[in-house]
Structures are given as structure tokens and as C-alpha cells.
Amino acid sequence: MDINRKDKIFHKYNEGTHLIGRIGLAIGILLLVGSPFLMGFALDAMPNLSAFAKGLGKIALVYIPSCIVEFLIYTPMLGAGGGYLAFITGNLINMKIPCALNAKEIADTKTGTPENEIVSTLSIATSSLVTTLVIALGVMLIIPLRPILEAEVLQPAFNNVVPALFGAMATRYFRKGKQIVAIPLVLMSLLFVFVPSMISNVAILMLVSGAIAIAHAWLRFKKESKKIDVNNQNSNEEQ
Amino acid sequence: MKILDQLNSWPLFLISGGIILFVALLSIVFMVRAYKAGVAIGMDKTKLRRTITSSATFTLLPSVSILLGVIALSGSLGLPLPWLRLSVIGALHYETSVADIAAKEVGLTGLNISEMSPEAFTTIALLMSVGIIWGVVLMAVFGKSYSKKFQSKPNVKKSGRSFGDDAMTAMFIGLITAYIGSYIGQFVQLQKGSLVFTGEYLQLIALIFSAIAMIIFEYFSNKKNMSWLENFSIAGSMIVGMAAAVVCGIIF
């Protein structure tokens with residue numbers, strides 16, 4: 001396809017995505033913040049705003065920094081369409097991010113390209129719809145499902161969904177970046193073994209291990225690019 | 001009327017259901033637009049359909065664990081609020097802890113249905129909704145300018161290679177290694193000057209067995225020309241890892 005035409009189509013699509021995304025998120029925020037008041041109207045009991053303000057102070061201290069970090073890190077991973085949808089539907093780390101990365105692998109697209117943007121959006125939209133459907137069905141069928149889902153024998157399975165997910169993803173990603181796995185893995189393991197109180201801060205510490213891995217990957221990228229440039233220069237000189 | 005009956009009443013289901021429906025419709029709009037745009041720029045339809053299939057299978061198991069979160073919270077908050085919280089913006093690890101903080105802030109000893117009142121409930125609902133909303137606000141305000149940086153200026157060096165993919169791989173490796181480190185730290189840790197095995201090993205079992213299953217799936221998918229397996233490899237590996245945790249839980 002003609003590159004200019006493709007750019008034009010994608011530019012139009014992208015602008016539409018931002019418009020719909022922004023309007024959709026703004027409505028979503030209003031609905032979410034308004035829902036406790038609507039529930040309060042139905043129950044004839046409005047939220048206690050002074051207790052809310054005190055509680056928000058505590059919660060915001062922990063969650064505003066992590067929300068900022070999530071926005072900065074996950075948006076480049078998800079792209080625009082995927083980003084809007086993933087942030088409004090939630091469950092990023094335990095579902096949306098691995099799902100989008102898995103789709104990227106299967107579709108074999110490159111970060112930052114229109115194809116990747118489309119694959120990421122399709123993947124997050126599908127994931128959101130499936131989750132909504134599963135939870136809605138679960139809520140409707142809660143009476144017959146509850147004894148199965150709460151069976152003691154099955155708890156080790158449901159308590160370990162995220163480790164199982166990371167095990168499968170690790171196989172794929174450790175193979176792709178095998179040269180950069182060792183340092184963050186050893187450092188993080190030693191940190192958590194010797195300072196177990198840090199385990200509860202894993203969501204913040206993943207930024208540290210991510211930064212170490214990115215720095216290592218950058219050094220390797222620069223080294224390899226230099227090598228390729230030198231090789232290209234040599235072959236040009238030979239010609 | 002008992003408090004749990006009030007929290008499970010139809011008006012609350014309608015409020016939660018309406019908001020969830022809005023977000024589901026937004027997902028459908030994004031999905032249809034992305035599919036059409038993909039076809040318009042010349043992407044292979046089979047590839048687009050594979051993306052949908054693999055994402056759907058990938059999502060099934062984590063969705064069941066989220067449903068468990070809804071069930072766990074429904075005992076103290078009724079069904080409509082946890083259903084809403086875990087379908088829109090929510091995060092499994094966030095909701096339970098914030099609900100607990102919020103309950104204590106409104107004067108309860110914890111998330112406890114025997115102490116719950118309609119006012120405590122609506123205050124908890126407001127705290128749970130607003131406490132985690134910042135990522136969405138940032139995305140709505142800065143998402144356009146921030147995401148465009150990564151689309152319009154790919155970091156391409158003279159050699160023609162892009163660092164973008166390497167950076168994403170590295171970031172994800174950083175994320176996984178932090179979590180694996182935390183599982184190791186939960187199993188063996190320094191307590192009072194000596195290393196102690198805590199018995200918390202099921203995360204590592206699930207992780208290791210899932211990884212082994214993934215190696216086997218990838219072998220058949222790549223070496224035996226069974227590429228259709230790729231769509232189900234993550235979900236299949238997760239089932240193996242979770243099953244291994246159940247078996248170990250029964251045996252030990």
C-alpha cells in the first residue's frame with residue numbers, strides 16, 4: 001500500500017481514537033464519581049464527606065505516585081487506543097499489559113507502528129469485553145458458582161493466577177532478552193530475601209528492576225548499533 | 001430490610017450495570033474501529049482475527065480470578081459495588097486493601113457486614129472509586145500528547161534499528177523479575193539473622209510449572225508446525241501451573 005495513503009488513514013483513525021477516548025474517559029470519570037451518590041440516593045444515605053476526605057488523604061499518598069508511574073510506563077506499552085481502554089477497564093498488570101504484549105508477539109508487530117497500535121487496541125478491547133462477560137455471568141450465576149469457586153481444594157489455583165501468568169510470559173520474554181535477565185533477577189531476589197519487608201512494595205520496586213533492565217538493554221543496543229555502523233562503513237568502503 | 005439486602009437491591013444493580021454497559025460499549029467501539037482501520041491499512045484479516053482469539057483465551061483465567069475478588073468482597077459490600085469496582089478501573093490487588101482502609105476510616109473495625117451502614121457503604125464506595133481514578137484522569141488529559149511521542153518519533157538509530165521494542169522487552173523483564181524475586185523472598189527470607197523457609201512455595205510451583213508448560217507449547221508450535229497452538233499457549237500453561245499448585249496443595 002502507498003505509504004502516504006496509509007499514513008493518512010492511520011492519522012485519521014488516530015485522531016478519532018483520541019477524541020472518542022477522551023470523551024469516553026471523561027464520561028467514565030463522571031459516572032464513576034457520581035455512582036456512590038446515585039447509590040446514596042437509592043439507599044437514602046449520602047457519603048460522609050469528612051470521612052471521605054480523611055480516607056482519601058491516606059489512599060492518595062500511596063496511589064497517586066503509583067498511578068503516575070503506571071501512566072508513564074504503560075502508555076508507551078499499550079499505545080493510544082489500548083491505553084484509553086486499559087486505564088478505564090483496569091486490571092493492568094495482572095491482565096491488560098501481558099495480554100497486549102502477547103498479542104504483539106503473536107501478530108509480530110513493532111512498537112510504535114500503526115500495526116502495533118491496532119493490534120494492541122484490538123487485544124485490550126477483546127480482553128475488556130471477555131472480562132466484563134465473565135464477571136457478569138459470574139454475578140448472575142453466583143449461587144451455583146460460589147461453592148465451586150470457593151472450594152478449599154481449588155484455592156491454590158485461584159490464589160496463584162498471577163504467578164502462573166508470569167511463568168508463561170517469562171519463558172517468552174526471558175528468551176527474547178536473555179542477556180538482560182540475570183542482573184535484575186538476582187538483585188530483586190536478594191533484596192526480597194534479605195529485606196522481606198520490601199515485598200509489599202513490589203509494585204514500586206518493579207520500576208527499579210525495569211530501569212536496570214532498560215539501562216542494560218540500552219548499553220547493548222548502542223554497542224550493537226555501533227558494530228552494525230562500522231560493518232556498513234567497511235562494506236561501503238570495499239565497494 | 002437487612003443491610004446486605006439493601007446493598008444487593010435492584011437500584012444498585014442498575015447503577016453498576018449501566019456504567020459497566022457504557023464501558024463495554026466503549027470497548028466495542030474501539031474494537032470495531034481498530035479492526036476496520038487494520039483492514040484499511042492493509043493488515044491481514046487472519047492476523048487481526050488471531051489477535052482477537054488469542055486475547056480472548058488469554059483473558060479467561062485471569063477473569064475468573066477477578067470474579068473471585070468480586071465474590072470475596074460481596075460478603076461485606078454486596079454484589080453491585082464489587083462488580084462495578086472490578087469491571088471499571090479496578091485492580092484486584094487494590095480493591096480489597098482500599099476497601100479495608102476506607103472501612104476503618106468511616107469508623108468500622110474493618111470490612112465487616114455486621115457493622116456496615118448505608119452511609120458507611122456509600123462513603124467506602126466513593127473512596128474506592130476516587131482513590132484509583134488518577135491514572136484515568138492522566139490518560140484523559142495527557143494521553144494524546146504523551147502517546148504521540150512514541151508514535152511520531154520512533155527511536156531509530158543510524159543502523160535502522162529501533163530501541164522501542166528492546167525497551168518494551170526490558171521493561172517487561174524488569175516487571176517479571178521483580179515479581180519472581182518477591183515470590184522467592186516469600187519462600188525464603190532473612191528472619192532474626194538467619195535464612196528461614198516460610199513454606200510459602202505455591203507461587204513458585206505455579207510459576208515453574210507454567211514456564212515448563214510454555215516451553216513445551218512453544219516447542220510444538222515452532223518446531224512441529226502447530227502454530228494454532230500459539231493462541232492457547234499462555235492459557236494452557238497457566239492451567240498447568242495452577243493445577244500443579246492444587247496438586248501440591250493436596251499432597252503437602
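In the predicted model, chain B contains 10 helices and 2 strands. Read from the N terminus, the elements of chain B follow the order α-α-α-α-α-α-α-α-β-β-α-α, which places the two strands after eight helices and before the final two helices. The radius of gyration of chain B is 23 Å, whereas a compact globule of 252 residues would have a value near 18 Å. The C-alpha trace of chain B spans about 65 × 55 × 35 Å along its principal axes. Of the 252 residues in chain B, 55% are buried. Among contacts in chain B with a separation of 6 or more, 56% join residues 24 or more positions apart. The surface that chain B exposes comes to about 10,500 Å², and 67% of this is supplied by carbon and sulfur atoms.

Chain A has 9 helices and 0 strands. Its pattern along the sequence is accordingly written α-α-α-α-α-α-α-α-α. The globule rule gives 18 Å for the 239 residues of chain A, but the radius of gyration is 23 Å, well over that value, so chain A is more spread out than a compact globule. Along the principal axes, the C-alpha trace of chain A extends over about 85 × 55 × 40 Å. Buried residues account for 53% of the 239 residues in chain A. In chain A, 58% of the contacts with a separation of 6 or more are between residues 24 or more positions apart. The accessible surface of chain A is about 10,900 Å², with 67% belonging to carbon and sulfur atoms.

The two chains were next considered together. The size of an interface is often given as the accessible area lost when the parts come together. Between them, chain B and chain A bury about 14,000 Å², and carbon and sulfur atoms carry 78% of this buried area. On the chain B side, the residues that lose the most area to chain A are F30(B), I41(B) and M139(B), which together make up 5% of what that side buries. Counted by residues, the interface brings 151 residues of chain B into contact with 156 residues of chain A.

Two residues of helix 4 of chain A illustrate contacts across this interface. T121(A) is located in helix 4 of chain A. Its relative accessible area is 0%, so T121(A) falls under the 20% limit for a buried residue. Apart from residues up to four places away in sequence, T121(A) touches Y13(A), G81(A), G82(A) and L85(A) in chain A, and F30(B) and A34(B) in chain B. F30(B) is also one of the residues of chain B that lose the most area to chain A.

V130(A) likewise belongs to helix 4 of chain A. With a relative accessible area of 15%, V130(A) is buried because this value is under 20%. When neighbours within four places in sequence are left aside, the contacts of V130(A) are with A56(B), T59(B), L60(B) and S63(B). The C-alpha atoms of V130(A) and P147(A) are 23 Å apart in space, and the two residues are 17 residues apart in sequence.

L60(B), a contact of V130(A), also marks a bend in chain B. Helix 3 of chain B covers residues 45–77 and bends by about 35° at L60(B). A proline, P62(B), follows within four residues of this point. At the N-terminal end of helix 3 of chain B, D44(B) acts as a cap, with a side-chain oxygen 3.1 Å from the backbone nitrogen of T46(B). Just after helix 3 of chain B, G78(B) adopts a positive phi of about 75°.

Positive phi values also occur in loops of chain A. Most residues other than glycine have a negative phi. D44(A) is not a glycine, yet has a positive phi of about 60°. D44(A) lies in the loop that separates helix 1 (3–43) from helix 2 (49–89) of chain A. The relative accessible area of D44(A) is 72%, so D44(A) is over the 50% limit and counts as exposed. A second such residue is D108(A), whose phi is near 55° and therefore positive in a residue other than glycine. D108(A) is found in the loop between helix 3 (92–107) and helix 4 (114–140) of chain A. D108(A) is exposed, with a relative accessibility of 61%.

How values were computed: Residues are numbered from 1 along each chain as its sequence is written. Chains are lettered from A and ligands numbered from 1 in the order in which they are written. This is a predicted model: local features need pLDDT of at least 70, side-chain atom pairs count only at pLDDT 80 or more; totals for chains, interfaces and linings use all residues. Side-chain values use heavy atoms; hydrogens and water are left out. The bend at a residue is the angle between axes fitted to the seven residues ending there and the seven starting there. A polar contact is a pair of N or O atoms within 3.5 Å; within protein, one must be able to donate a hydrogen and the other to accept it, and residues adjacent in sequence count only if both atoms are side-chain atoms. Buried means under 20% relative accessible area, exposed over 50%, partly exposed in between (1.4 Å probe, protein chains only). The radius of gyration is taken over C-alpha atoms; the globule rule is 2.2 Å times the number of residues to the power 0.38. Contact means heavy atoms within 4.5 Å. Accessible areas come from the Shrake-Rupley method with a 1.4 Å probe; for residues, only the protein chains shown count as cover. Buried area is the accessible area (1.4 Å probe) that two parts lose on being put together, summed over both.
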